[in-house]
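Subject: Structure handover

Hello,

Here is the structure I promised to pass on to you. Please open it beside this message, and then read on for what turned up in it.

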Amino acid sequence: MVDQARAARLAQRIKVLVAEALRKRVKDDRAEAITLTEVRVTNDLQHATVYYTVLGDATAAEGAREVLEAHHGVIRHEVGRQLTIRLVPTLEFVADEVPETAAHLEEVLAQARERDAELARLRENASFAGEPDPYKKDGEDSGNEDTAR
């Protein structure tokens with residue numbers, strides 16, 4: 001087993017090297033919209049998963065995916081050239097869904113705040129459906145003495 005700290009350092013180094021390779025070696029305008037968010041390396045240092053986001057709409061995301069697939073070998077070669085380990089890990093590029101999930105969560109929270117505000121407005125002028133105190137007290141007359149016997 002490999003040290004967790006070493007795997008974390010290698011992941012951070014791979015993130016920097018992939019970003020530099022995208023900036024310097026990949027000659028495609030669609031690569032400029034790619035932002036690397038995280039890299040995870042397996043404990044045996046054989047596989048690295050690179051998470052990325054893309055600025056823009058779905059066509060920009062599709063273009064970024066095509067760029068990463070087309071230049072996969074160039075990027076891995078550049079990473080292997082600058083790393084000082086025996087085996088270069090395989091790279092897998094995965095679109096990061098965190099920004100979309102966070103935006104959806106923000107929408108849900110905004111809807112919940114609106115519903116809470118609406119309930120607070122309705123509660124201001126609300127009154128009880130029955131008596132203010134529906135519980136019987138000791139000493140009160142029940143009104144029907146025949147059932148008491």
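Let me start with T49, which is found in strand β2. Keep in mind throughout that this is a predicted model. T49 has a relative accessible area of 12%, so it counts as buried, the limit being under 20%. Which residues does T49 contact once its neighbours within four places in sequence are left aside? They are E38, V39, R40, E92 and V94.

**The nonpolar core**

The largest nonpolar core has 26 residues, and those that touch the most other members are I14, V18, L22, V41, I75, L91 and F93. At least two residues of this core come from each of α1, β1, β2, α2, α3 and β3 (90-95). Which element gives the largest share of this core? That is α1, with eight residues.

I14 is a good place to look in detail. Not counting residues up to four places away in sequence, I14 touches V39, V41, A48, V79, L83, P89 and L91. V39 is thus on the contact list of I14 and also on that of T49.

**The loop between β1 and β2**

Two residues here caught my eye. L45 is found in the loop between β1 and β2, and although L45 is not a glycine, it has a positive phi of about 60 degrees. Is L45 buried or exposed? Its relative accessible area is 8%, so L45 is buried.

N43 lies in the loop between β1 and β2 as well. At 29% relative accessibility, N43 counts as partly exposed. If you want a distance to check in your viewer, take N43 and D96: they are 53 residues apart in sequence, and their C-alpha atoms are 21 Å apart in space.

**The largest pocket**

D96 brings us to the largest pocket, since D96 is one of its lining residues. The volume of the largest pocket is about 190 Å³. Its lining is made up of Y52, T53, V54, G56, D57, A61, E62, R65, A95, D96, E97 and E100. By type, the lining residues divide into four nonpolar, two polar and six charged. β2 (47-54) and α2 (58-70) each supply at least two residues of this lining. On the general idea behind such a search, rolling a probe the size of a water molecule over the atoms shows where empty space is left.

**Salt bridges**

How many salt bridges does a search of the whole structure find? It finds six.

Two of them involve R65, which also lines the largest pocket:

- R65 forms a salt bridge with E62, and their closest N and O atoms are 2.2 Å apart. Both residues lie in helix α2, three residues apart, which is about one turn of the helix.
- R65 also meets E69 in a salt bridge, at 2.4 Å from N to O. E69 and R65 are four residues apart in helix α2, so about one helical turn separates them.

The accessibility of these side chains is worth a glance. R65 is partly exposed, with a relative accessible area of 32%, and E62 is partly exposed, with 34%. E69, at 54% relative accessibility, counts as exposed because the limit for that class is over 50%.

Another salt bridge joins R25 and E78, whose closest N and O atoms are 2.6 Å apart. This pair links distant parts of the chain: R25 is in the loop between α1 (4-24) and β1 (34-41), while E78 is in helix α3 (residues 72-82), and their positions lie 53 residues apart in sequence. R25 is partly exposed, with a relative accessible area of 42%, whereas E78 counts as buried at 7% relative accessibility.

**One last pair**

Finally, have a look at A70, which lies in helix α2. At 61% relative accessibility, A70 counts as exposed. The C-alpha atoms of A70 and V26 are separated by 9.7 Å, with the two residues 44 residues apart along the chain.

Happy to talk any of this over once you have had a look.

Best wishes

Key
Residues numbered from 1 in each chain as written. Predicted model: local features only at pLDDT ≥ 70, side-chain atom pairs only at ≥ 80, totals over all residues. Heavy atoms only, no water. 1 Å grid on protein atoms, 1.4 Å probe; cavity = no way out; pocket = protein on both sides within 12 Å on 5 of 7 lines; lining within 4 Å. Points joined across faces, edges and corners; volume = space filled by probe spheres on them. Nonpolar A, V, L, I, M, F, W, Y, C, P; charged D, E, K, R; others polar. Buried < 20%, exposed > 50% of the residue type's maximum accessible area, 1.4 Å probe, protein only. Contact = heavy atoms within 4.5 Å. Salt bridge = Lys/Arg side-chain N within 4 Å of Asp/Glu carboxyl O. Core = buried A, V, L, I, M, F, W, Y, C linked by side-chain atoms within 4.5 Å.
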